[in-house]
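Open the model in your viewer and keep the sequence panel beside it. The tour below suggests what to select, one stop at a time.

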Amino acid sequence: RAGLGWAAAQNKDKLPWTPGYDISGVVEKLGPGVTSLVEGELVCGMVGFPLNAGGYGESVVASESELVKLDGVSLQQGAAL
């Protein structure tokens, strides 16, 4: 957050940049070709590693391959995974 990490240094000339990789949440919308997820499903994942990030945002765009379903696992537990 202070801009001292490697990814922040790589993005210093591409501001604004939202840090954060680990996420958990609810699928709001699906992009074309998504087959393994449905809207309303609970998911967690690691997004945008190592340069794009975005996990600190209120919403994040993630690829299907960056997410896993939280079947019987809470959002809090998913965030810790």
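Begin with the whole protein chain, shown here as a predicted model, and colour its contacts by how far apart the partners lie in sequence: among contacts between residues at least 6 apart, 61% join residues at least 24 apart.

Next, switch to a cartoon view, in which the protein chain shows two helices and three strands, and follow these elements from the N terminus, where the order reads α-β-β-β-α. With the C-alpha atoms selected, the chain fills a box of roughly 40 × 30 × 20 Å along its principal axes.

Now turn on the surface of the protein chain, whose accessible area comes to about 5,800 Å², with 54% of that belonging to carbon and sulfur atoms. Of the 81 residues in the chain, 26% are buried. If you then select the charged side chains, you will find 5 positive and 9 negative charges, and the mean positions of these two groups are 9 Å apart.

For a closer stop, select strand S1, residues 22–26, and show its side chains. Which of its residues point to the buried face? Ile-23 and Gly-25 point to one face and are buried, whereas Asp-22, Ser-24 and Val-26 point to the other face and are not buried. This is an instance of a general pattern: in a regular strand the side chains alternate between the two faces of the sheet.

Finally, add strand S2, residues 42–46, to the selection, and you will see that S2 runs antiparallel to S1 and is joined to S1 by five bridges. Ending on one pair, centre the view on Ser-24, which stands opposite Cys-44 in S2.

Conventions:
Residues numbered from 1 in each chain as written. Predicted model: local features only at pLDDT ≥ 70, side-chain atom pairs only at ≥ 80, totals over all residues. Heavy atoms only, no water. Helix = DSSP H or I, 4+ residues; strand = E, 2+ residues; numbered from the N terminus. Buried < 20%, exposed > 50% of the residue type's maximum accessible area, 1.4 Å probe, protein only. Contact = heavy atoms within 4.5 Å. Areas by Shrake-Rupley, 256 points an atom, 1.4 Å probe, with all protein chains shown as cover. Lys, Arg positive; Asp, Glu negative; His and termini not counted. Charge placed at Lys NZ, Arg CZ, Asp CG, Glu CD. Pairing = 2+ DSSP bridges.
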